[in-house]
Amino acid sequence: MSADPADGDVLTAAVQTADGTGYAAYNERADGSVAPFYVVYTDSDRTERYGFICGACGSLAVGMDPMGRLDCEDCANNRKPSQWDAAYL
């Protein structure tokens with residue numbers, strides 16, 4: 001899971017998704033408990049978000065809940081919620 005400088009933008013790398021090819025933006029990250037999560041886009045121009053890729057295991061099986069919690073389904077990497085629902089407490 002690394003970018004190839006010969007491909008141009010070293011901050012964007014092609015990754016294989018279920019829908020074809022996605023583009024991981026290595027300068028757009030969310031800190032996780034083990035490694036960061038990186039934003040994945042459907043195109044190299046970064047106009048439409050696809051999801052996240054786990055920096056620990058390289059999996060695209062990353063779930064996000066409405067409060068911003070990220071969980072990798074393939075390893076123990078996770079991110080605590082970025083928002084809190086005061087009514088829940």
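**Exercise 1. The setting of Asn 77**

In which loop is the place of Asn 77? Locate this residue in the predicted model, then decide whether Asn 77 is buried or exposed, and list the partners of its side chain.

*Solution.* Begin with the secondary structure: Asn 77 is found in the loop that runs between β6 (70-72) and β7 (78-79). Turn next to accessibility, where the cut-off for a buried residue is under 20% relative accessible area; because the relative accessibility of Asn 77 is 1%, this residue counts as buried. Then examine the polar atoms of the side chain, one of which lies 3.1 Å from the backbone nitrogen of Ser 33, while the backbone nitrogen of Val 34 is reached by the side chain of Asn 77 at 3.0 Å. Finally, widen the view to contacts beyond the neighbours within four places in sequence: among them are Gly 32, Ala 35, Pro 36 and Phe 37, as well as Cys 54, Gly 55 and Ala 56, and also Leu 70, Asp 71 and Cys 72.

**Exercise 2. The open sheet**

Give the order of the strands in the open sheet of 4 strands, identify the edge strands, and describe how β3 and β4 pair.

*Solution.* The order of the strands is β1-β2-β3-β4, and their pairing is antiparallel. To find the edges, look for strands that pair on one side only, which are β1 (12-17) and β4 (49-54). From one strand to the next, the twist averages 40 degrees. Now take β3 and β4 by themselves: their antiparallel pairing extends over 5 bridges, and within it Val 40 has Gly 51 in β4 as its bridge partner.

**Exercise 3. The aromatic pair**

How many aromatic pairs does the structure hold? Classify the geometry of the rings of Tyr 26 and Tyr 38, and state which strands contain these residues.

*Solution.* The structure holds 1 aromatic pair. For the rings of Tyr 26 and Tyr 38, the centres are 4.9 Å apart and the planes stand at 75 degrees, so the pair is classed as edge-to-face; the step rests on the cut-off of over 60 degrees for that class. Tyr 26 belongs to strand β2 (residues 20-30) and Tyr 38 to strand β3 (residues 37-41), so the pair ties together parts that are 12 residues apart in sequence. As for accessibility, both Tyr 26 and Tyr 38 are buried.

**Exercise 4. The salt bridges**

Find the 3 salt bridges of the structure, and for the pair of Arg 46 and Glu 28 state where each residue lies.

*Solution.* As background, side chains of opposite charge can pair when their charged atoms come close. Start with Arg 46 and Glu 28, whose side chains meet in a salt bridge at 3.3 Å, N to O. This pair links distant parts of the chain, since Arg 46 sits in the loop between β3 and β4 and Glu 28 in strand β2, 18 residues apart. Arg 46 counts as partly exposed because its relative accessibility is 21%, and Glu 28, with a relative accessible area of 23%, is partly exposed too. Proceed to Arg 29, which forms a salt bridge with Asp 31, the closest N and O atoms lying 3.1 Å apart; here both Arg 29 and Asp 31 are exposed. Close with Arg 69 and Asp 65, a salt bridge in which the closest N and O atoms are 2.9 Å apart. Arg 69 has a relative accessible area of 30% and is therefore partly exposed, and Asp 65, at 22%, is likewise partly exposed.

Note on methods
Residues are numbered from 1 along each chain as its sequence is written. This is a predicted model: local features need pLDDT of at least 70, side-chain atom pairs count only at pLDDT 80 or more; totals for chains, interfaces and linings use all residues. Side-chain values use heavy atoms; hydrogens and water are left out. Helices (H or I, at least four residues) and strands (E, at least two) are DSSP runs, numbered from the N terminus. Buried means under 20% relative accessible area, exposed over 50%, partly exposed in between (1.4 Å probe, protein chains only). A polar contact is a pair of N or O atoms within 3.5 Å; within protein, one must be able to donate a hydrogen and the other to accept it, and residues adjacent in sequence count only if both atoms are side-chain atoms. Contact means heavy atoms within 4.5 Å. Rings of Phe, Tyr and Trp (its six-membered ring) pair if their centres lie within 6.5 Å; planes under 30 degrees apart count as stacked, over 60 as edge-to-face and the rest as tilted. Two strands pair if DSSP finds at least two bridges between them. Axes are lines fitted to C-alpha atoms, for helices over the stretch in contact, and angles run from 0 to 180 degrees between N-to-C directions. A salt bridge is a side-chain nitrogen of Lys or Arg within 4 Å of a carboxyl oxygen of Asp or Glu.
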